[in-house]
Amino acid sequence: MGNPLSGPQSASAALPHERASLRAELLAARRAWLAGSAAQTAESNLAHQLAELLTQLEPQCLGLYWALEGEFNAAAAVLAQHFEQVPQIALPYAKQSGREMVYRRWDGETPELKDECGIPSAAGAVVVPDVVLVPCVGFTREGFRLGYGGGYFDRWLAAHPGVTSVGLGWSVSEAQFAVEPHDQALTLILTERELIAP
């Protein structure tokens with residue numbers, strides 16, 4: 001059975017002003033899916049696929065993210081499988097003043113610092129990764145992402161158009177929604193099932 005959130009008659013064909021309700025719907029669907037048996041092997045599948053993809057991309061500096069509840073823990077996967085092959089890793093640091101984000105070099109240790117949104121971050125030098133991993137609350141097959149509504153990743157990607165961006169999400173998070181002018185298409189999207197190259 002297909003994902004009910006991706007059907008043409010569903011609430012996921014959202015207009016821009018409906019993004020808040022779509023986000024809530026997707027987060028609820030993700031929680032329910034993660035509690036079921038289908039998610040048991042999803043994390044290891046996605047970690048394996050991510051390792052293969054990073055081997056192909058060969059990033060010199062990889063931008064990670066600190067996973068929130070329900071998100072794929074890309075940082076743990078990279079540290080477990082791939083850290084030796086990536087010269088530098090970095091975590092985003094969001095600044096509510098100015099609503100901007102930078103990446104700071106990370107040593108792989110549990111962060112003691114939090115950014116202005118309260119998310120664990122790194123205290124290292126500001127860097128510009130050549131590959132960034134981006135968490136997705138929702139995504140479309142055209143490469144657009146729905147996040148938590150702050151726009152931090154979109155603004156950073158708009159300012160760094162040459163960067164390879166890889167959205168990471170669970171297959172249950174595929175949706176349909178109207179694209180807004182600020183939305184930045186991702187280079188690739190990776191789920192536990194497939195690699196989507198828009």
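Here are some exercises on this predicted model, each with a worked solution.

**Exercise 1. Getting your bearings**

Task: Find how many helices and strands the chain has, and what share of its residues is buried.

Solution:
- Start with the elements: the chain has four helices and 12 strands.
- Next, look at the burial: of the 198 residues in the chain, 48% are buried.
- Finally, check the contacts: among those with a separation of 6 or more, 67% join residues 24 or more positions apart.

**Exercise 2. One side of a helix**

Task: Work out which residues of helix α3 are buried, and where they sit around the axis.

Solution:
- Helix α3 runs over residues 74-81, and its buried residues are Ala-74, Ala-75, Ala-77 and Val-78.
- These four are on the same side of α3, because they cover an arc of only 165 degrees around the axis.
- Now see what lies over them: the cover includes α2 (42-57) and the strands β1 (61-63), β3 (100-106), β7 (131-135) and β10 (164-168).

**Exercise 3. The largest nonpolar core**

Task: Say which residues of the largest nonpolar core touch the most other members, and which element gives the most to this core.

Solution:
- The core has 29 residues, and those touching the most other members are Leu-50, Leu-62, Leu-64, Phe-72, Leu-133, Val-166 and Leu-168.
- Go on to the elements: α2, α3, β2, β7, β10 and β11 (188-190) each give two or more residues to this core.
- The biggest giver is α2, with six residues.
- Zoom in on Leu-133: leaving aside neighbours within four places in sequence, Leu-133 is in contact with Leu-50, Leu-62, Gly-63, Leu-64, Tyr-65, Ala-74, Val-78, Val-166 and Leu-168.
- There's also a second, separate core of 18 residues, which includes Tyr-152, Phe-153, Leu-186 and Ile-196.

**Exercise 4. Following Tyr-152**

Task: Is Tyr-152 buried or exposed, and what does Tyr-152 touch?

Solution:
- First place the residue: Tyr-152 is in helix α4.
- Its relative accessible area is 12%, and the cut-off for buried is under 20%, so Tyr-152 is buried.
- Tyr-152 has company in α4, where Phe-153, Asp-154, Trp-156 and Leu-157 are buried too.
- The buried residues of α4 pack against β2, β3, β7, β9 and β10.
- For the contacts of Tyr-152, skip residues up to four places away in sequence; you're left with Ala-94, Lys-95, Gln-96, Arg-99, Glu-100, Met-101 and Cys-117.
- Take Arg-99 from that list: Arg-99 and Tyr-152 are 53 residues apart along the chain, yet their C-alpha atoms are separated by 6.7 Å.

**Exercise 5. A pocket and a cavity**

Task: Describe the lining of the largest pocket, then do the job again for the largest cavity.

Solution:
- The largest pocket holds about 530 Å³ of space.
- Its lining has 28 residues, with Arg-145, Tyr-148, Gly-150, Tyr-152 and Phe-153 nearest the centre.
- The elements giving two or more residues to that lining are α1 (19-34), β2 (88-95), β9 (145-146) and α4 (152-159).
- Sort the pocket lining by class and you get 15 nonpolar, five polar and eight charged residues.
- Over to the cavities: the structure has one of 30 Å³ or more, and the largest cavity holds about 40 Å³.
- Around the largest cavity you'll find Arg-30, Tyr-65, Glu-71, Phe-72, Pro-135, Cys-136, Leu-168, Gly-169 and Trp-170.
- By class, the cavity lining comes to six nonpolar, one polar and two charged residues.

**Exercise 6. Three residues outside the helices**

Task: Decide for Glu-58, Gly-162 and Glu-18 whether each counts as exposed or partly exposed.

Solution:
- Glu-58 is in the loop between α2 and β1. Its relative accessibility is 58%, and exposed means over 50%, so Glu-58 counts as exposed.
- One more thing about Glu-58: its phi is positive, about 50 degrees, although Glu-58 is not a glycine.
- Gly-162 is in the loop between α4 and β10. At 75% relative accessibility, Gly-162 counts as exposed.
- The C-alpha atoms of Gly-162 and Asp-130 are separated by 7.7 Å, with their positions 32 residues apart along the chain.
- Glu-18 belongs to the segment before α1. With a relative accessibility of 29%, Glu-18 counts as partly exposed.
- Glu-18 and Phe-177 are 159 residues apart in sequence, while their C-alpha atoms are 8.9 Å apart in space.

Terms used. Residues are numbered from 1 along each chain as its sequence is written. This is a predicted model: local features need pLDDT of at least 70, side-chain atom pairs count only at pLDDT 80 or more; totals for chains, interfaces and linings use all residues. Side-chain values use heavy atoms; hydrogens and water are left out. Buried means under 20% relative accessible area, exposed over 50%, partly exposed in between (1.4 Å probe, protein chains only). The arc is that of the directions from the helix axis to the C-beta atoms. Contact means heavy atoms within 4.5 Å. On a 1 Å grid over the protein atoms alone, a cavity is a set of points where a 1.4 Å probe fits but cannot get out, and a pocket is an open set with protein on both sides within 12 Å along at least five of seven lines; lining residues have an atom within 4 Å of a point. Grid points are joined across faces, edges and corners, and a volume is the space filled by probe spheres set on the points. Ala, Val, Leu, Ile, Met, Phe, Trp, Tyr, Cys and Pro count as nonpolar, Asp, Glu, Lys and Arg as charged, and the others, Gly among them, as polar. A nonpolar core is a set of buried Ala, Val, Leu, Ile, Met, Phe, Trp, Tyr and Cys residues joined through side-chain atoms within 4.5 Å.
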